[in-house]
Amino acid sequence: MKANRLWLVFVFSLIFLLVACSNEGEDASSEGASKKTNPEAVVQGGELIIEVLSEAVELDPHGSNDVPSSNVQRNIFETLVVRNFETGDIEPLLAQSWEYVDELTLQLKLREGVKFHDGTDFNAEAVKINLDRLLDPAIASPRLSNFEPIKEVVVVDEYTVQIKTEQPYGPLLFALTHPGGNIISPAVIAEDYKRMESGGEARAYVNENPIGTGFLKLDKWTSGQEIRLVKNTEYWGEQVAYDLAVFKTVPESQTRAADLEAGYAHIIDPVQPTEVPLVEGFAQVIKQPSVSISYVGFNTEKAPYDNVKVRQAIAKALDREAIIQGVYDGFGVAAFGPLSPMVWGHTEDITKQDTNIEEAKKLLEEAGLKEGFKTAIWTNDNPQRQQIAVILQETLKQLNIEVSIEVLEWGAYLEKTSKNEHDMFILGWAPSTGDADGALYPLFHSSDIGNNNRTRFNNSELDKLLEAGRVETDDATRMGIYKEAQEIITTQAPAAFVHHQAYLTGYANNISGFSVDATGIYQIQKVKITQ
């Protein structure tokens, strides 16, 4: 490990030396002088540069269900309510207050005087149009599962709306904090439907014209390069201090780090675990514990992964602590079940997935596969996932399992793993609601096969438990339900759980007001840049 770090230091030093030399005599020198002159002067206007590993897949919030997309969307759009992950409370945003009229009806009073970027008024009708669209099968929203229990949305008056469910739905307020609950301009939705009627693709128009009520609005999206968001000068709340936020796609971690040191980027994500000590030499690194889970998923509809003993064997072979230390440099927490300790419903009182290579060999023999088999594991352009794939490839040789590794681009990876083509894959899940329902239902309920349920796991007993957890309103009873659900998931092993990530995000010393929440979403509204 020390040798690797020394090599990284050498590589970074060379990169940074070249960057510094190339800037001699240019604006960088005068910028440095201005910092010395008045280091605390807040810059008004200008660009906030955020360099990221993966580009957003879609800007329609009823569309793709990935963190890179949500990180852009959350600045353009707003939800009715938000979750404070520090307190666990639900807080107002576009809705100012709410109450349950009865166990099936949630009534919300909306904020008045809010307008969408296109000048359209935000009101109860806009909320109804959005939720109706989200539930529309023709839209095929991958974010539907959190909102499926909604039966009807009723406009009471211009700024009062009721959301009615078929049965009591305990996590409803938590679901409304999900990025899928972002509110889109009704005018844009109307045009999207109009184009669909003429043979156009669902969500395509909203993706190209993402109009919300947020503090930033889309300026330009240059595919594969950057997404530029401009300040919404008509925003109803606190205005941002900068004029533009630019999300640049920079796949190379060394380039991101070098740009942060040179002042070409203000925020970089992610910082690779091995780079943290180096980046901390010239910038700040957030190490945010998360609600996320990373996992190795199995296609349970395809042999040999339709055999539970094969899945259990690989889960037993997975050396989580070695991965935490060797891949993540100790950042994050080993996962022995599907729920992060930060997610409501987590319990330690279940059969945990642990590491035992001898038991793994015995299980594979019991499955009739002592001689092993050939298989493939898919991953995306995430370096840690690629390293996990290599470690698993080496580990499974002990079980006579020959593994080939295929790396796919992020958008293609999500599309292909939603279909029935893969063997094994490595992915993560960050339940934005912070509740067991949002963590387990999309990943493991049979109704979400082909969408978020990429393991294609179909277990009727688990389905019943996940459905019961949704309608139960007593916390103690719900906790018992989710304990049973977690027991089925860990022992039936549709996935081998790896770890709960710590989000490592770098930001420049002249940045204040920046944070990352427990779902990996950047909080940039209050960011200020000093000279």
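**Exercises on helix packing and sheet order**

**Exercise 1.** In this predicted model, determine how helices α10 and α12 are oriented to each other, and which residues make their contact.

*Solution.*
Step 1. Helix α10 covers residues 308-317 and helix α12 residues 357-366; their axes come within 8 Å and cross at roughly 165°.
Step 2. Angles over 145 degrees count as roughly antiparallel. The two helices, α10 and α12, are therefore roughly antiparallel to each other.
Step 3. The handedness of the crossing of α10 and α12 is left-handed.
Step 4. On the α10 side, the contact is made by K309, V310, Q312, A313, K316 and A317; α12 contributes I357, E359, A360, L363, L364 and E366.
Step 5. Sorted by character, the residues of this contact of α10 with α12 comprise 7 nonpolar, 1 polar and 4 charged.

**Exercise 2.** Describe the crossing of helices α4 and α6 and the character of the residues in their contact.

*Solution.*
Step 1. Two packed helices are described by the angle between their axes and the distance between the axes.
Step 2. For α4 (residues 124-135) and α6 (residues 186-197), the axes come within 10 Å and the crossing is at roughly 40°.
Step 3. The α4 and α6 crossing is left-handed.
Step 4. From α4, the residues A126, I129, N130 and R133 meet P186, I189, D192 and Y193 of α6.
Step 5. The contact of α4 with α6 divides into 5 nonpolar, 1 polar and 2 charged residues.

**Exercise 3.** Establish the strand order of the sheet of 7 strands and identify its edge strands.

*Solution.*
Step 1. The 7 strands form an open sheet with mixed pairing, in the order β8-β9-β10-β1-β11-β19-β12.
Step 2. Strands β8 (216-222) and β12 (284-289) each pair on one side only, and these are the edge strands.
Step 3. From one strand to the next, the twist averages 20°.
Step 4. At the β12 edge, 6 bridges join β12 to β19 (residues 502-507), and these two strands run antiparallel.
Step 5. Within this pair, Q284 stands opposite Y507 in β19.

**Exercise 4.** State which strands helices α3 and α8 meet, and give the direction of each helix relative to a strand.

*Solution.*
Step 1. Helix α3 (residues 67-76) lies across β8, β9 (226-231) and β10 (244-249). The helix α3 runs at about 15° to β9.
Step 2. Helix α8 (residues 253-262) packs on the sheet, where β1 (47-52), β11 (267-269) and β19 are touched by α8. The direction of α8 makes about 165° with that of β11.

Technical notes:
Residues are numbered from 1 along each chain as its sequence is written. This is a predicted model: local features need pLDDT of at least 70, side-chain atom pairs count only at pLDDT 80 or more; totals for chains, interfaces and linings use all residues. Side-chain values use heavy atoms; hydrogens and water are left out. Two strands pair if DSSP finds at least two bridges between them. Helices (H or I, at least four residues) and strands (E, at least two) are DSSP runs, numbered from the N terminus. Axes are lines fitted to C-alpha atoms, for helices over the stretch in contact, and angles run from 0 to 180 degrees between N-to-C directions. Contact means heavy atoms within 4.5 Å. A crossing is left-handed if the near helix is turned anticlockwise from the far one by less than a right angle, and right-handed if clockwise. Ala, Val, Leu, Ile, Met, Phe, Trp, Tyr, Cys and Pro count as nonpolar, Asp, Glu, Lys and Arg as charged, and the others, Gly among them, as polar. Angles under 35 degrees count as roughly parallel, over 145 as roughly antiparallel, 65 to 115 as roughly perpendicular and the rest as oblique.
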